[in-house]
Amino acid sequence: MLTLLNNQFFKLTASFFLLFSSYVSASQQIWPTFQDPIVQVQSASTAFQSTFNQKDADGLGVFYAKTATLKLDQSLPAHYRSNIVEAWRAGFEQGVEHLQLEIIEIKRTGFRKVVEAGNYVLTINTPNGPIEQTGTYTVGWRVHPFGVKPPKIIFDFVNAN
């Protein structure tokens, strides 16, 4: 009887180690690799500009956190993603045409925070013809440390010259 119990214990222990080693092996294969937050934000900023130039207000919503804030020069801030999408939609309907961003600096300010600052040129169609508005912008991004989730804008401040 004791031999039978020892044999069962050995089989149970061996099964556990085989199962555990296969779990560890599988988990190492799916463990995310580190992605530089600065590179994550550069890519997201480029994608934001492309989506903006397609005049896709709903697509721009994907870049914003649910509780984000958008503050455009000389206007009240838009809080929350749904209001930000509507603000961009209204801008497109009023003639906002093309955005060109020039990143001046991207700086990591915390474990999950990155700030992007730069200049912009915005083309707006008016009844008297297109005009170009220039200014500066500052965007706060929340990043995932391993890049598993895309960066999200938590604040977006735009100042016209």
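Which side chains meet in a salt bridge with N to O at 2.8 Å, one of them being that of K55? The partner of K55 is E97. This is a predicted model, and the pair is a good place to enter it.

**The salt bridges**

A search of the whole structure finds 3 salt bridges. The K55 and E97 side chains form one of them, at 2.8 Å from N to O. K55 sits in the loop between α2 and α3 (57–61), while E97 belongs to strand β3, so their contact ties together parts that are 42 residues apart in sequence. K55 is partly exposed, at 36% relative accessible area. E97 is partly exposed too, at 26%.

R89 takes part in two other pairs, one with D58 and one with E86. The D58 pair links distant parts of the chain: D58 is in helix α3 and R89 is in helix α4, 31 residues apart. The E86 pair stays within helix α4, where the two residues are 3 apart, about one turn of the helix. R89 is partly exposed, with a relative accessible area of 26%. E86 is also partly exposed, at 44%. Together, D58, E86 and R89 are linked in a network of salt bridges.

| Salt bridge | Closest N and O atoms |
|---|---|
| K55 and E97 | 2.8 Å |
| D58 and R89 | 2.8 Å |
| R89 and E86 | 3.4 Å |

**The sheet**

E97 lies in strand β3, and β3 leads to the sheet. The sheet is open and has 6 strands. Their order is β2-β1-β6-β5-β4-β3, with mixed pairing. β2 (78–79) and β3 (96–108) are at the edges; each has a single partner strand, so one side of each lacks a neighbour in the sheet.

Helix α2 (residues 37–53) packs on this sheet. Helix α2 touches β1, β3, β4 (113–126), β5 and β6, and its direction makes about 170 degrees with that of β3. Helix α4 (residues 81–93) packs on the sheet as well, touching β1, β2, β3 and β6. The direction of α4 makes about 50 degrees with that of β1.

Now walk across the strands. Strands of a sheet pair through backbone hydrogen bonds, either parallel or antiparallel. β3 and β4 are antiparallel, with 11 bridges. They form a hairpin with 4 residues between them. R108 has V114 of β4 as its bridge partner.

V114 also looks the other way, to W141 in β5. β4 and β5 run antiparallel and are joined by 14 bridges. A hairpin of 2 residues connects β4 to β5.

β5 and β6 are antiparallel as well, with 8 bridges between them. Here V139 stands opposite D156 in β6.

How do β1 (residues 64–71) and β6 run, parallel or antiparallel? These two strands run parallel, joined by 4 bridges. K71 stands opposite F157 in β6.

**A nonpolar patch**

One more feature lies on the surface. F34, F146 and V148 make a nonpolar patch of about 290 Å². F146 is in the loop between β5 (129–142) and β6 (152–160). Is F146 buried or partly exposed? With a relative accessible area of 31%, F146 counts as partly exposed.

How values were computed:
Residues numbered from 1 in each chain as written. Predicted model: local features only at pLDDT ≥ 70, side-chain atom pairs only at ≥ 80, totals over all residues. Heavy atoms only, no water. Patch = residues over 30% accessible without salt bridge, like charges linked within 9 Å, V, L, I, M, F, W, Y side chains within 5 Å. Areas by Shrake-Rupley, 256 points an atom, 1.4 Å probe, with all protein chains shown as cover. Salt bridge = Lys/Arg side-chain N within 4 Å of Asp/Glu carboxyl O. Buried < 20%, exposed > 50% of the residue type's maximum accessible area, 1.4 Å probe, protein only. Pairing = 2+ DSSP bridges. Contact = heavy atoms within 4.5 Å. Axes fitted to C-alpha atoms, helices over the stretch in contact; angles between N-to-C directions.
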